[in-house]
Amino acid sequence: MTKSFHPPKRLLMGPGPSEVDPRVLAAMSRPTIGHLDPAFVGMMDEIKAMLQNTLRTRNALTLPVSAPGSAGMETCFVNLVEPGDRVIVCVNGVFGGRMKENIVRSGGEPIVVEDTWGKPVDPDKLEDALKANPGVRLVAFVQAETSTGVESDTRTLVEIAHRHGSLVIVDTVTALGGTPVLTDEWGIDAVYAGTQKCLSCPPGLAPVSFSEAALERIRERRHPVQSWFLDLNLVMGYWGEGAKRSYHHTAPINALYGLHEALVMLEEEGLENAWARHRRHHEALRAGLEAMRLELPVAPTERLPQLNAVAVPGDVDEAATRRMLLEHHGIEIGAGLGPLAGKVWRIGLMGQTANARNVRELLAAMEHTLA
Ligand code: PLP
């Protein structure tokens with residue numbers, strides 16, 4: 001007989017998922033009720049209001065897509081890209097590359113603005129690409145590149161795109177909850193995130209939000225959205241303003257209890273306090289790593305506090321170190337991806353993971369492992 005699965009004890013200090021608070025796990029184990037039950041619908045309204053607050057937006061169309069961050073990405077592209085559209089995509093890591101793939105699969109023509117992995121998106125290059133390609137109506141980039149630990153300047157990039165008449169899609173999967181995402185102030189038109197990073201929820205939901213200009217673009221579409229599940233015209237009937245809450249798909253009810261609780265916890269702490277906590281513990285981690293003569297290759301002003309790339313010293317076996325941290329200390333950290341594979345570790349301080357005890361535990365385990 002197959003037995004019930006009991007996961008081993010782990011401390012999640014990689015690029016996500018992050019530690020999930022017992023309060024969130026407890027919320028998820030509450031009884032399942034119907035997804036059209038008035039009590040559940042009331043909870044959905046609260047989730048929407050808390051997501052609007054977390055994303056710093058008043059966008060009416062703000063909701064958690066019932067699938068992971070990748071589905072949030074896909075929701076933005078399948079709704080905003082039409083066959084034949086030219087779309088500028090800034091690529092400075094793995095997830096910019098995935099955006100490009102989404103443009104192609106939505107029938108669009110990507111115009112790639114490439115930056116070095118480990119550097120932010122260069123605003124001048126974006127401006128040059130927009131000048132060289134008049135008529136481009138959409139720009140996309142990643143605010144917090146999880147593959148490199150670099151933050152790009154969303155405010156400046158959106159301002160440039162708007163000056164050239166383009167809407168903007170921004171990936172904030174790793175940013176949201178750990179570093180400011182000021183959707184309305186910066187003028188982002190379509191934004192998506194994930195629950196398993198700085199919101200400290202299990203994976204599987206993707207908060208998204210769309211501006212009025214983005215909705216107008218979707219309403220004007222000449223072709224139907226090719227994905228039935230992600231077509232916002234249909235999703236809006238369930239989540240939208242004044243929606244009849246008619247059946248679209250069966251919502252992941254218990255996962256949404258978890259998201260509700262995680263957002264309540266964030267509200268109790270205060271979003272600005274959460275941003276400050278991520279920065280404080282990042283500084284402690286950085287100081288400890290540097291004291292061990294480990295280097296953080298990303299420039300200090302471009303670093304994400306919640307995702308720390310650490311250069312692997314030349315005489316150290318990158319994979320063996322991660323294996324020992326996991327086997328002897330129960331700590332998970334991440335490997336480098338693409339051109340950074342074997343060259344960096346990625347240490348996450350996301351959401352509930354970002355606290356003094358975890359920083360101390362990781363530093364002690366690293367010291368022991370590298371000795
Ligand atoms: N975008 C970024 C920046 C990410 O870090 C991730 C996941 O790590 C994704 C998108 C995809 O999210 P998910 O793995 O939840 O589908």
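Modeller: A polar contact is a pair of N or O atoms within 3.5 Å; inside the protein, one atom must be able to donate a hydrogen and the other to accept it. The model is predicted.

Biologist: What makes the pairing of glutamate 318 and arginine 322 a polar contact?

Modeller: Their side chains come to 2.5 Å. The limit is 3.5 Å, so the pair qualifies.

Biologist: Where is glutamate 318, and why is this residue called buried?

Modeller: Glutamate 318 belongs to helix 12, residues 318-329. Its relative accessible area is 10%. Buried means under 20%, so the word applies.

Biologist: On to the ligand. Which residues are around the ligand?

Modeller: Pro68, Gly69, Ser70, Phe95, Val142, Ala144, Thr146, Asp171, Val173, Thr174, Gln196 and Lys197. Each has a heavy atom within 4 Å of the ligand, so each counts as near.

Biologist: How do you know that serine 70 makes a polar contact with the ligand?

Modeller: An N or O atom of the serine 70 side chain sits 2.5 Å from a ligand oxygen. That is within 3.5 Å, so the contact counts.

Biologist: What distances do aspartate 171 and lysine 197 show?

Modeller: For aspartate 171, a polar side-chain atom is 2.6 Å from a ligand nitrogen. For lysine 197, the partner is a ligand oxygen, and the distance is 2.6 Å. Both pairs fall within the 3.5 Å limit, so both are polar contacts. The ligand on its own has 390 Å² of accessible area, and the protein covers 87% of that.

Biologist: How many residues of each class make up the shell around the ligand?

Modeller: Five are nonpolar, five polar and two charged. Asp and Lys count as charged, so Asp171 and Lys197 are the charged pair. Gly counts as polar, so Gly69 goes with the polar residues.

Biologist: Which pocket does the ligand take up?

Modeller: The second largest one.

Biologist: Now the backbone. What kind of peptide bond joins glycine 16 and proline 17?

Modeller: A cis bond, with omega at about 5°. Proline 17 sits in the loop from strand 1 (11-12) to helix 1 (22-28).

Biologist: What is phi at arginine 56 and at serine 200?

Modeller: Near 50° for arginine 56, which is a positive value in a residue other than glycine. Near 55° for serine 200, again positive and again not a glycine.

Biologist: Why is arginine 56 called partly exposed, and why is serine 200 called buried?

Modeller: Arginine 56 has a relative accessible area of 24%. Partly exposed lies between 20% and 50%, so arginine 56 fits. Serine 200 has 3%, under the 20% cut-off, so serine 200 is buried. Both are loop residues: arginine 56 between helix 2 (38-54) and strand 2 (61-65), serine 200 between strand 9 (190-192) and strand 10 (206-210).

Biologist: What makes glutamate 302 buried?

Modeller: Its relative accessibility is 17%. That is under 20%, so glutamate 302 counts as buried. Glutamate 302 lies in the loop between helix 11 (271-291) and strand 11 (307-311). Lysine 119 is 183 residues away in sequence, yet the C-alpha atoms are 7.6 Å apart.

Biologist: How do you know that asparagine 254 makes polar contacts?

Modeller: Its side chain has a polar atom 2.8 Å from the backbone oxygen of methionine 28. Its side chain also joins that of threonine 32 at 2.8 Å. Both distances are within 3.5 Å, so both meet the limit. Asparagine 254 is part of helix 10, residues 253-269.

Biologist: Three residues to finish. Is alanine 132 buried or exposed?

Modeller: Exposed, because 58% relative accessibility is over 50%. Alanine 132 is in helix 5, residues 123-132.

Biologist: Why is histidine 164 called partly exposed?

Modeller: Its value is 27%, between the 20% and 50% cut-offs, so the middle class applies. Histidine 164 lies in the loop between helix 6 (154-163) and strand 8 (167-171).

Biologist: And what makes alanine 251 buried?

Modeller: A relative accessible area of 5%, under 20%, so alanine 251 is buried. Alanine 251 is found in the loop between helix 9 (232-239) and helix 10.

Key
Residues are numbered from 1 along each chain as its sequence is written. This is a predicted model: local features need pLDDT of at least 70, side-chain atom pairs count only at pLDDT 80 or more; totals for chains, interfaces and linings use all residues. Side-chain values use heavy atoms; hydrogens and water are left out. Accessible areas come from the Shrake-Rupley method with a 1.4 Å probe; for residues, only the protein chains shown count as cover. On a 1 Å grid over the protein atoms alone, a cavity is a set of points where a 1.4 Å probe fits but cannot get out, and a pocket is an open set with protein on both sides within 12 Å along at least five of seven lines; lining residues have an atom within 4 Å of a point. A molecule sits in a cavity or pocket if more than half of its atoms lie within 2 Å of its grid points. Helices (H or I, at least four residues) and strands (E, at least two) are DSSP runs, numbered from the N terminus. Buried means under 20% relative accessible area, exposed over 50%, partly exposed in between (1.4 Å probe, protein chains only).
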